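The following exercises are to be worked with the sequence and the coordinates side by side. Each task is followed by a stepwise solution.

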Amino acid sequence: MDATAIDHVNLRIPADGLDAAVGFYRDALGFDIENRDLYESGEKPFFSVRLTPASVIHLRPAENFDPPARTAFDHVAIEFAHDIDELRDHLDAAGVEIDRQLEPLGATGVAPAVYVTDPFGYTLELKAAPADD
């Protein structure tokens with residue numbers, strides 16, 4: 001079997017987390033929110049954050065939401081076509097606190113990344129484009 005990419009990640013959020021999700025993922029990070037109308041009408045049990053043309057995060061509000069525990073979840077990594085300074089500047093302007101900055105190894109190699117926490121306790125690794133050598 002030859003996988004080509006991760007299509008989506010499905011994360012549970014609190015039942016009343018829609019506004020906080022939109023504020024963080026759309027307003028602060030700049031991603032599009034999809035299927036909000038279908039979620040609000042009850043046609044879908046989740047709405048989506050469009051990361052790229054080929055990848056999304058499904059956010060599924062749940063009455064029985066438990067925040068992620070370090071023993072069960074670590075992070076979701078999202079690659080950007082920006083350098084680390086552009087990422088930091090965008091987050092600063094949006095009022096998003098950076099938890100830490102590292103140069104982790106990922107699927108596309110080593111590149112600088114910053115880590116932020118969404119309103120529900122999920123850690124996102126925002127991976128910058130690799131620096132030109």
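The model is predicted.

**Exercise 1. Determine which residues have the most contacts inside the largest nonpolar core, and which elements supply this core.**

Solution.
Step 1. The largest nonpolar core comprises 31 residues. Those with the most contacts inside it are Y25, L29, F47, L59, L124 and L126.
Step 2. Two or more residues each come from β1 (8–14), α1 (18–28), β3 (47–52), β4 (55–62), β5 (76–79), α3 (84–94), β9 (113–117) and β10 (123–127). The most is given by α1, with 6 residues.
Step 3. The general background is that nonpolar side chains tend to be buried together in soluble globular proteins.

**Exercise 2. Decide whether Y25 is buried or exposed, and list its contacts beyond four places in sequence.**

Solution.
Step 1. Y25 is located in helix α1.
Step 2. The cut-off for buried is under 20% relative accessible area. Y25 therefore counts as buried, because its relative accessibility is 0%.
Step 3. With residues up to four places away in sequence left out, Y25 touches G30, F31, I33, V49, I57, L59, D118 and L124.
Step 4. For L29, the corresponding list, leaving aside neighbours within four places, consists of F24, H90, L91, L124 and L126.
Step 5. As a check on distance, Y25 and E103 lie 78 residues apart in sequence, with 23 Å between their C-alpha atoms.

**Exercise 3. Establish the strand order of the open sheet of 4 strands and identify its edge strands.**

Solution.
Step 1. The order is β5-β10-β9-β6, and the pairing is mixed.
Step 2. The edge strands, each paired on one side only, are β5 and β6 (100–102).
Step 3. From one strand to the next, the twist averages 25°.
Step 4. The strands β9 and β10 run antiparallel and are joined by 5 bridges. Along this pair, V116 has L124 as its bridge partner, and V114 stands opposite L126.
Step 5. The strands β5 and β10 run parallel, with 4 bridges between them. Here V76 has L124 as its bridge partner in β10.
Step 6. The hairpin of β9 and β10 has 5 residues between the strands, and G121 takes a positive phi near 100° in this hairpin.

**Exercise 4. Assess how β10 is covered, and state which strands α3 lies across.**

Solution.
Step 1. Of the 5 residues of β10, 5 are buried.
Step 2. Both faces are covered: T123, E125 and K127 are buried on one side, and L124 and L126 are buried on the other.
Step 3. Helix α3 lies across β6, β9 and β10, and runs at about 20° to β9.

**Exercise 5. Characterise the largest pocket by its volume and its lining.**

Solution.
Step 1. Rolling a probe the size of a water molecule over the atoms shows where empty space is left.
Step 2. For the largest pocket, the volume is about 550 Å³.
Step 3. The lining consists of 23 residues, of which I6, V76, A77, I78 and E79 are the closest to the centre of the pocket.
Step 4. The elements that contribute two or more residues to this lining are β1, β3, β4, β5, β7 (105–106) and β10. Strand β5 gives the most, with 4 residues.
Step 5. In conclusion, β5 is an edge strand of the sheet and also gives the most to the lining of the largest pocket.

How values were computed. Residues are numbered from 1 along each chain as its sequence is written. This is a predicted model: local features need pLDDT of at least 70, side-chain atom pairs count only at pLDDT 80 or more; totals for chains, interfaces and linings use all residues. Side-chain values use heavy atoms; hydrogens and water are left out. A nonpolar core is a set of buried Ala, Val, Leu, Ile, Met, Phe, Trp, Tyr and Cys residues joined through side-chain atoms within 4.5 Å. Buried means under 20% relative accessible area, exposed over 50%, partly exposed in between (1.4 Å probe, protein chains only). Contact means heavy atoms within 4.5 Å. Two strands pair if DSSP finds at least two bridges between them. Axes are lines fitted to C-alpha atoms, for helices over the stretch in contact, and angles run from 0 to 180 degrees between N-to-C directions. On a 1 Å grid over the protein atoms alone, a cavity is a set of points where a 1.4 Å probe fits but cannot get out, and a pocket is an open set with protein on both sides within 12 Å along at least five of seven lines; lining residues have an atom within 4 Å of a point. Grid points are joined across faces, edges and corners, and a volume is the space filled by probe spheres set on the points.
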